[in-house]
Amino acid sequence: MIHMKWSISKQFRTIMFLLLTCCLVGCGAQKGKSSQFEEDHGLIVGFSQIGAESAWRTCNTRSVQDAAAAQGVQLVYDNAEQKQENQIKAIRSFIAYQVDVIVFVPIVTDGWDNVLQEARDAGIPVLVTDRKIEVADPSLYAGFIGTDSLKEGRNAGQFVLDTFTEKRKRFEQTKEPITIVELFGTEGSSVANGRAEGFREVLASHPEFQIIYSKSGDFLRSKGYELAVEFLDMYEDIDVIFSHNDGMTLGAIEAMEERGIRPGKDIVIVTIDAQQAAIDALREGKVNCVIECNPKTGPEIIRLAERLAAGQYIPRLQYVHEEVFYETDDLSLIEPRGY
Ligand code: GZL
Ligand code: ZN
């Protein structure tokens, strides 16, 4: 199939690649390599990434790029700079260029039906990674590989439940709730929704816990800082910060320390991603629980793309391994995170 397609459309693809490189180069696409014109039959994968909003994201991108290079897969990379419309444009470019497989990280769950229908009409299989999509016809994509955000949220909820046993016992008499602030990820993204849902599921039957503030910081450190300035002004007595990613947590810690509030002591902090800076904060006692969300999915993504290009089956849903790091663990055992 690849060989047939390659011989018929070699000139077409070469011209299209030139056009594609020109139009993508504006949004930070990887420069076309001379090898793109080599007459090999290397697999060509279009990869639409949402942006570079966090250390997690840049590690995820690097993981895919390194894995493609290691396998001799030609990766046409597009950075959508946090805009869904840029992702749709990039996917359309991949279709025009007739890549063998499309891999994309859907920034939000909705709005993909039409462009995925176009990919299917062009006979190009689609692998969804990291974040999930809602489409009317699930057969519009071959499968998903990523992290289990519902489980990440549940782990955060369980940590909070286990941490406040004393205050929970007193709740019957004091009626003093355990107050929670939530730094929400990108609105409409499956991972923020999953984390929020899992967290609330665990605490649902415990009225002693009250989420008094929940706003989106869009996974950005700068917005995590801004929201913390706001909620620290609004509330005197916050017991817990549940943050959907370490970037926002680091911003909130900065705002707390500016006010002489001791993160991890005056306010318990549970955070998700497990980038190095969060593990360092765990070691310093500035956060109390770090839930890993594994960004290093590149090798598995490329393996699945190769299977799709060969017309082979791939699992519909594949989760990657993840840990939870607690302040009570032997933190010297944690390997350098690499992001
Ligand atoms: C999670 C991923 C999230 C990370 C953030 O799978 O989509 O996006 O938690 C990143 O750091 O910005
Ligand atoms: Zn309870």
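Two strands pair if DSSP finds at least two bridges between them. The model used in these exercises is predicted.

**Exercise 1. Strand 8 and its partners**

Task: State which residue of strand 9 stands opposite Phe 242, and in which sense strand 8 and strand 9 pair.

Solution:
1. Strand 8 and strand 9 (residues 268-273) share four bridges, in the parallel sense.
2. Phe 242 stands opposite Val 270 in strand 9.
3. Strand 6 (residues 178-184) also pairs with strand 8 in the parallel sense, over four bridges.
4. There, Val 181 stands opposite Ile 241 of strand 8.
5. In strand 8 (residues 240-243), Val 240 and Phe 242 point one way, while Ile 241 and Ser 243 point the other way. All are buried.
6. In a regular strand, side chains alternate between the two faces of the sheet.

**Exercise 2. The nonpolar cores**

Task: Find the residues that touch the most other members of the largest nonpolar core.

Solution:
1. This core holds 54 residues.
2. Val 160, Phe 231 and Val 270 touch the most other members.
3. Helix 7 (residues 190-203) gives the largest share, six residues.
4. Beyond four places in sequence, Phe 231 contacts Val 181, Leu 183, Tyr 213, Ile 238 and Ile 241.
5. Another core, of 48 residues, lies apart; Val 64, Val 135, Ile 302 and Leu 304 are among its members.

**Exercise 3. Two helices**

Task: Classify the packing of helix 3 against helix 4 by angle.

Solution:
1. Helix 3 (residues 84-97) and helix 4 (residues 113-121) pack at about 10°, their axes 10 Å apart.
2. Angles under 35 degrees count as roughly parallel.
3. Helix 3 and helix 4 are therefore roughly parallel to each other.
4. Helix 3 makes the contact through Ile 88, Ile 91, Arg 92 and Ile 95; helix 4 uses Val 115, Glu 118 and Ala 119.
5. By class, that contact has five nonpolar, no polar and two charged residues.

Conventions. Residues numbered from 1 in each chain as written. Chains lettered and ligands numbered in written order. Predicted model: local features only at pLDDT ≥ 70, side-chain atom pairs only at ≥ 80, totals over all residues. Heavy atoms only, no water. Axes fitted to C-alpha atoms, helices over the stretch in contact; angles between N-to-C directions. Parallel < 35°, antiparallel > 145°, perpendicular 65-115°, else oblique. Contact = heavy atoms within 4.5 Å. Nonpolar A, V, L, I, M, F, W, Y, C, P; charged D, E, K, R; others polar. Core = buried A, V, L, I, M, F, W, Y, C linked by side-chain atoms within 4.5 Å. Buried < 20%, exposed > 50% of the residue type's maximum accessible area, 1.4 Å probe, protein only.
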